[in-house]
Amino acid sequence: MLEVKQVSKLYENQRGVRHIDFSMNRGEIVGFLGPNGAGKTTTMRMITGYLNPTHGTITIDGMSMADHPKKARQQIGYLPETPPLYPEMSVRAYLQFIADLRGIPVREQKQRIGGVIERLGLEGRERQIIRSLSKGYKQRIGLAQAILHNPDLLVLDEPTSGLDPKQIIEIRQLIRELGENHTVLLSTHILPEINTLCNRVLIINQGSIVLDGQPDQLANTMGETFEVSLEVKGPREAVLAELRDTPGVGSVRELTGEPTALADAEAAAPDTAVTAEGETVKVVVASADKTDIRETLFYRMADKRYPIVSMKKESLSLEDIFLKLTTNESLDSAAADGGPTPEAEEAIPHA
Ligand SMILES: Nc1ncnc2c1ncn2[C@@H]1O[C@H](COP(=O)(O)OP(=O)(O)OP(=O)(O)O)[C@@H](O)[C@H]1O
């Protein structure tokens, strides 16, 4: 339903975006992620017809934004980073004004306005002056103006920015509900937002799209090896030697935490490994390629009578992937630095 083809916008300072190329299907909720100044707002303003591309074409529902701007914009609801509100107006008067602006027939206006007021939880606030409302409510009004003309595509620029945690949860829930009837493109620099709301993510860096994929599949695509963290009961040296010797294993990295001291005799004679209660070795084992080595490890350790007490597949978090792509760090060096980190729950700090 949205096609962005080889779109560039060059400002006088030579910044902007270059060769942006992606399409969106009906029903998708796509997260647009990137550090400050990456080009999210520029791209969104072009998609919504507020900015003309220097090169390239944008098509919405088969309609070119350049050739049919009015009709194409009818299909789009846009919530800019700062909602375009008139603070001295009441909520209802403002929505009435937007309805006129959007050319909604007068006979339909009452029903449409009533509909969005209900949908966005604005009942009881209709007569209130916008200035007197909280930021969360102002954001709801911003969303209300974006959906009033019932567009197919919603473009939301950092919709939860500046809200408190309760308001963030409420606005995310509203976006989720809006996603049931609309296709949504939302920009954010908050990673959990992508994980909880989006079924696809586009990462933009320095004006170019550097990644397009499903959040839960990125780790497999981006990771260069398959990694498993293991806790194995048995004499340290013998367990490590056995793991390193297992076919398909590329590397074995011992994790911090003191391995239990071993009896010299056990270490010297790994084949006769006698495990003492509580002796465990914690490691991250990487496969030589992307092969899943969990079964191989299981049988090998069982064969040697070194029980695996825990085994977990490691994966790159969205934060790892984001940092790798936007700081030009190679995957190799990151892996050498310690590999995957726990799932991020924090926003990427502003650059
Ligand atoms: N009107 C303008 N004139 C000149 N340069 C601009 C203009 N608008 C944006 N830029 C530059 O284009 C690049 C992309 O900016 P843009 O605002 O699209 O990024 P962004 O990803 O939305 O950032 P943020 O997260 O800070 O909103 C930046 O380098 C910015 O300085």
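Two strands pair if DSSP finds at least two bridges between them; helices (H or I, at least four residues) and strands (E, at least two) are DSSP runs, numbered from the N terminus. The model is predicted: local features need pLDDT of at least 70, side-chain atom pairs count only at pLDDT 80 or more, and totals for chains, interfaces and linings use all residues. Residues are numbered from 1 along each chain as its sequence is written.

**Exercise 1.** Determine the order of the four strands in the open sheet and which strands lie at its edges.

*Solution.* Step 1: the strand order is S2-S1-S4-S5, with antiparallel pairing. Step 2: strand S2 (16-24) and strand S5 (63-64) each pair on one side only and are the edge strands. Step 3: S4 (residues 55-60) is joined to S5 by two bridges, and Ile60 stands opposite Met63 in S5.

**Exercise 2.** Characterise the residues around the ligand by class and by element.

*Solution.* Step 1: a residue is near a molecule if its C-beta atom, placed from the backbone, lies within 6 Å of it. Step 2: the residues around the ligand include Tyr11, Arg15, Asn36 and Lys40. Step 3: the shell has two nonpolar, eight polar and two charged residues, where Ala, Val, Leu, Ile, Met, Phe, Trp, Tyr, Cys and Pro count as nonpolar, Asp, Glu, Lys and Arg as charged, and the others, Gly among them, as polar. Step 4: helix H1 (residues 40-47) gives the largest share, three residues.

**Exercise 3.** Locate Gln6 and state its phi.

*Solution.* Step 1: Gln6 lies in strand S1 (residues 2-10). Step 2: phi of Gln6 is near 45°, a positive value in a residue other than glycine.
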